[in-house]
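Please look through the sequence and the three-dimensional view that follow, and keep both at hand while reading. The paragraphs after them go from the ligand to the strands, and then to a few residues with unusual backbone geometry.

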Amino acid sequence: MGGKVSVTAQTVLGDPAFATLKSLVIDTTGMAFYRDKSHDLAQILSARMAEAGADDCAGYFARLTSDSHEMDALVAELTIGETYFFRHKEQFDALRDLILPDVIERNRQLKRLRIWSAGCATGPEPYSIAIMLEREFGARISDWHVTILGTDINQKFLARAREGRYDTWAFRTMSDDIRDACFTKHGNQWQINASFKRFVKFQYHNLITSKFPSIIDNIAGFDIIICRNVIIYFSAETIAGLIPCFRETLSDKGWLVMGHAEPNQELFKDFQTVNVDGAVLYQRVDGYSAQMSPLPASSDVAPMPKSPSAMLPKLAAMDTGRLAPARTQRGAAPPPRPPLRPPLRPGTATVAKPPTPVVPPVDGGVVRIRELADQGQWEAAAAACDALLARTPMDAWAHFYRAMIFEQVGQAEDCEKALRRAIYLDRKMVLPHYHLGLFLLRRDDAAAAARAFRNVLSLLKDVPDDDPVADGDKIMAGQMREAVAMHLTMIGGA
Ligand SMILES: C[S@@+](CC[C@H](N)C(=O)[O-])C[C@H]1O[C@@H](n2cnc3c(N)ncnc32)[C@H](O)[C@@H]1O
C-alpha cells in the first residue's frame, strides 16, 4: 500500500469486507454506536483508507491489524471528545461535599489518594478534580501521595490533555474568577497552572481491550473512578462486562461516578447506591451487595448536606438498597475481547523471549499477590509478598511485585530498592527496568531514567513486534518499544 488513493463512502459501503471491518472497529473500540451508523462509519473509513493508501476494506483491515499507528489514526476520527471543566455541577458538588471528604478521612493514615478519570478526552475532567482538590482540600493533603490518572483510547486527545491548553469554550460553566486563578492566558487560549498539573498523569488505556484491574498498568486500587459520557457509545453487553471490572479496580469503600444520564441501576447492584441532589453515586463495599430497589425520582432525592461532617452519617440513610452478602466479582462476565490483536499501549510491561505464552511465569504465590494487588488490597498483597519472599528470597518476580506495592503506598525508597533487587536477580526481565525508568523520571533523574529505558530497548532488540509479553497483561513487544521511545523523546534521551 503506497500513497493516497481515491475511496468514497459508497465504495466502502458496497465492499464485501465492510461488515468484517466494521466488526473489527466495534470490537476494538467498544463503539457499538456505529452499528446503526454504517454511512457515518463508511465516511470516516473512506477518508482514512484514502490517506493510508488502502483501496479496499480487506486491505485496510490487514493494515489496521498490523499497524497500531493506523488504528490510532482511525480511533482519533471515530471518538467523540466533547468535554468541559466542571461538567455536570451536581456531580462535582457530590465529589466536594461527600466523596472527597469521605476518602480523605479514611486515607488519613496512608496519606494516599488515587483517582481515575476513564475516558478523559482532552483532560478537563481530571484537571477539574485537581483544581477542586487543591483549592478545597490543599492544606489537608499537602504531604499526600496524590494521583489523578486520566486515560483515553484517543492518542491525540491525550497529547492535548498533557499540554493542558484550552479554548474559552472549555470554561463555559466555570466562573472567570476560578479560571483566572488556575490558568494563564496565552493568546486565545488558557494554560493550566503547574500547581494543578502536578497531580495529573495521562496514559493510554482502552476500556475494551486493556486488561483491568492491572497493577502493572497502574490501573488498580483507586479511591474514586469517574467514567462519564464514555459507555453511552458501548453495547449493553459490553457495559455489563465493564461494571464489575470497575468495581474490582476500586479499593474497598471506593466510589464510582458514572455519567448522570447513563446508569441502568440493575448493573450496579453489587455497589451501594447513594442518591444525592442531582447525582447517583456507587460505592464498593466489600462483603455486601446492595439489592435493587427503585431509586427515587430526582425531585424526591434529599438535598445534599453541605457540611462533610454532617454528611457521612447520612450515607446509610441515603442508601437505596438493603445489604446482602456480595457476589464474587471474579464470577462476573468479563468484558468481551476482540477477536484480533488490538492496538494496546503499555503503561508498563515485561517481554518474554518468543514464543513464550502469556502466562504468569511464577507460582500460585505470585498469582495470588497479583490478584490482591490488582484489587488494591495493598496490605494483604504486601503480606503475601513478604511470605513468598521469606520462602524464596531470590524470586525476582516477587521483588518486582513488592516494588509495585511499595509504589502504590508511597514508599518510594523501598520501591526503588525492590526494583533494583529484581533487576539484580534477573537482568533479562523487562518490566523492572521499565518501572525503574518511570520511577527515575518521577524523581526527575532523566539521565538515569534514560539508561533504564535503553536497557528495555536493548532487551527487546531481537523480539518481534507482535510477540506477547509474559505477565504483561497482553502487551506486545512493539507496543512496549513505542512507550519507551515516547519517554525517551520526552526526556530528550532518544
Ligand atoms: C465524550 S468524551 C467524555 C469526556 C469526559 N469523561 C467528560 O465526560 O467530559 C468520551 C471519551 O471516551 C473515549 N473513549 C471511547 N471509547 C473508549 C475506550 N474503548 N476506551 C477508553 N476511552 C474511550 C473517547 O476517546 C472520548 O475521549
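A nitrogen atom of the ligand lies 2.8 Å from a polar backbone atom of T29, in what is a predicted model. Backbone atoms of other residues approach ligand nitrogens as well: a polar backbone atom of L207 is 2.9 Å from a nitrogen atom of the ligand, and a backbone N or O atom of R228 is also found 2.9 Å from a ligand nitrogen. On its own the ligand has 600 Å² of accessible area, and the protein covers 99% of that area. The ligand is surrounded by 21 residues, of which T29, T83, G119, D152 and N229 are the closest. Sorted by class, this shell contains eight nonpolar residues, eight polar residues and five charged residues.

From the ligand, the reader may turn to strand β8, which spans residues 250-258. Seven of its nine residues are buried, and the strand is therefore largely enclosed by the rest of the structure. What pairs with β8? Strand β7, which covers residues 222-227, runs parallel to β8 and is joined to it by five bridges, and within this pairing F222 stands opposite L250 of β8. Strand β10, made of residues 279-283, runs antiparallel to β8 and is connected to it by two bridges; here W255 has Q283 of β10 as its bridge partner. In a regular strand, side chains alternate between the two faces of the sheet.

The parallel pair is also part of a β-α-β unit, in which β7, helix α11 (residues 236-249) and β8 come together with a right-handed arrangement. In the loop between β7 and α11 sits S235. Is this residue buried or exposed? S235 has a relative accessible area of 14%, and because buried means under 20%, it counts as buried. Although S235 and M31 are 204 residues apart in sequence, their C-alpha atoms are 7.5 Å apart in space.

Another pairing is found between strand β4 (residues 183-186) and strand β5 (residues 189-192), which run antiparallel and are joined by four bridges. In this pairing K185 stands opposite W190 of β5. The two strands, β4 and β5, form a hairpin with two residues between them, and G187 in the turn has a positive phi of about 60 degrees.

Backbone geometry is the next topic. Most residues other than glycine have a negative phi, and most peptide bonds are trans. Against that background, F212 and P213 are joined by a cis peptide bond, with omega at about 5 degrees; P213 belongs to the loop between β6 (200-204) and β7.

Which residues other than glycine have a positive phi? One is A121, with phi near 55 degrees, which lies in the loop between β1 (112-118) and α7 (124-137). Another is D444, with phi near 65 degrees, placed in the loop between α18 (430-442) and α19 (446-459). Their surroundings can be set side by side: A121 counts as buried, with a relative accessibility of 7%, whereas D444 counts as exposed, with a relative accessibility of 69%.

Conventions. Residues numbered from 1 in each chain as written. Predicted model: local features only at pLDDT ≥ 70, side-chain atom pairs only at ≥ 80, totals over all residues. Heavy atoms only, no water. Near = heavy atom within 4 Å. Polar contact = N/O pair within 3.5 Å; in protein donor to acceptor, adjacent residues only side chain to side chain. Areas by Shrake-Rupley, 256 points an atom, 1.4 Å probe, with all protein chains shown as cover. Nonpolar A, V, L, I, M, F, W, Y, C, P; charged D, E, K, R; others polar. Buried < 20%, exposed > 50% of the residue type's maximum accessible area, 1.4 Å probe, protein only. Pairing = 2+ DSSP bridges. Right-handed = clockwise from strand over helix to strand, strands pointing away.
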